[in-house]
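Colleague: Could you take a close look at one part of this model with me? I would like to follow a single strand and its neighbours, and then see how the rest is put together.

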Amino acid sequence: MREALRLAARGKGRVEPNPMVGAAIVKNGKVITRGWHRRYGASHAEVEALKRAGKRAKGATLFVTLEPCAHWGKTPPCADAVLRAGVSRVVIAARDPNGLARGGVEALRRASTKVSVGILEKEARALNASFYTFHMMKRPFVSLKFAASLDGKLGTRTGESKWLTSEAARRYARRLRGEHTAVLVGVETVLADDPRLTSRTYGLREPLRIVLDSRLRIPLKAHILNERLRKSFMRNPGILIATTSRASARKRKALEARGVHTLVCGKTRVSISQLLRELYKMNIQSVLVEGGGSVLGSFLDAGVADKVYAFYGSLLIGGTDAPSIGGRGMRSLVDALRLRAFTIKRFGDSVLILGSR
């Protein structure tokens with residue numbers, strides 16, 4: 001199962017909104033074939049492994065990180081393929097949280113196939129945390145990402161923030177964009193830094209780019225509205241601007257004429273909960289929130305942060321006017337978001353503290 005989990009991880013940034021899945025077929029104590037879900041729309045992991053095994057699959061044991069699907073989607077039901085192959089036993093790490101696809105366990109057991117469920121389940125669910133959050137909580141998985149000085153400042157008092165961390169750390173951060181369905185910033189970040197918000201990582205898709213802009217102050221000449229991706233990158237990502245009912249109707253028309261989708265989520269301020277509900281309807285499974293400070297704070301205040309990528313450069317900025325994470329903040333330490341099972345990565349003179357709820 002650990003081998004199957006390792007294989008599943010190869011699909012990161014390529015299979016969403018499907019889950020990452022890996023499979024291994026074992027016979028006479030040896031792994032005879034392997035498979036993983038390589039990209040959205042391609043064969044699922046167990047089907048890929050079964051095709052490679054051919055007749056050798058009969059009487060074998062299939063290890064798979066997620067319950068074989070029991071419905072017709074982009075591909076036929078995997079449970080049917082397992083039965084046709086004559087596999088004698090199926091070992092599953094975790095059940096599928098998607099009610100539409102769930103049911104493979106029951107289909108296999110009805111056909112008298114031996115089924116075991118729950119082997120390395122915690123690891124399997126962690127691998128597909130965004131998939132489970134999306135289907136069980138009915139909202140996108142939310143990652144907060146920020147770069148700061150050692151004293152927690154997101155920039156200087158004059159707004160300078162390029163660059164707080166090393167080039168290696170920034171490359172890693174760009175890759176994170178390609179591993180999420182969408183990337184989100186506030187309009188202040190657009191006005192200050194004029195970012196492109198693209199992944200620019202070969203092999204990974206480009207995310208939907210979202211800007212929170214209550215009054216539609218985004219300039220029509222902003223890079224995010226005019227980016228043309230090189231052919232080596234995957235398709236040009238869409239752009240969504242979350243705004244309010246007080247925004248200029250004329251500016252909305254000008255933006256929509258450029259192919260930008262605008263979404264009203266509140267009267268005077270963008271409602272985070274309403275935005276997440278709308279993104280769920282759009283099948284946006286995960287969102288990487290990059291800032292600025294007030295936007296990061298608004299997601300913390302809403303209690304919807306699932307994962308945190310905190311990059312720190314080896315410098316001190318100081319000053320009460322230098323920006324940091326905003327929002328209302330917590331009244332008590334009991335209410336604070338506490339990271340669990342966190343890890344630390346080093347990128348030259350920068351470090352990343354990575355943790356989840």
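Modeller: Happily. From β7, Ala182, Leu184 and Gly186 point one way, while Val183 and Val185 point the other way, and all of them are buried, where buried means under 20% relative accessible area, with exposed being over 50% and partly exposed in between (1.4 Å probe, protein chains only). In a regular strand, side chains alternate between the two faces of the sheet. Strand β7 covers residues 182-186, and because 5 of its 5 residues are buried, the strand is largely enclosed by the rest of the structure. Strands here are DSSP runs of E with at least two residues, helices are runs of H or I with at least four, and both are numbered from the N terminus.

A word on the source: this is a predicted model, so local features need pLDDT of at least 70 and side-chain atom pairs count only at pLDDT 80 or more, whereas totals for chains, interfaces and linings use all residues. Residues are numbered from 1 along each chain as its sequence is written, and side-chain values use heavy atoms, leaving out hydrogens and water.

Now for the neighbours of β7. Strand β8 (residues 208-212) runs parallel to β7 and is joined to it by 5 bridges; two strands pair if DSSP finds at least two bridges between them. Leu208 in β8 is the bridge partner of Ala182. β7 also pairs with strand β11 (residues 286-291), again in the parallel sense, over 4 bridges. There, Leu184 has Val289 of β11 as its bridge partner.

Elsewhere, an open sheet of 5 strands has the order β2-β1-β3-β4-β5, with mixed pairing. β2 (30-36) and β5 (114-117) stand at its edges with a single partner strand each, so one side of each has no neighbour in the sheet. Within this sheet, β3 and β4 pair in the parallel sense over 5 bridges, and Phe63 has Val91 in β4 as its bridge partner.

As for the cores, a nonpolar core is a set of buried Ala, Val, Leu, Ile, Met, Phe, Trp, Tyr and Cys residues joined through side-chain atoms within 4.5 Å. The largest one has 36 residues, and Leu62 and Val90 touch the most other members. Apart from this core lies another of 29 residues, and Val289, the partner of Leu184, is among its members, as are Leu263, Val270 and Leu276.
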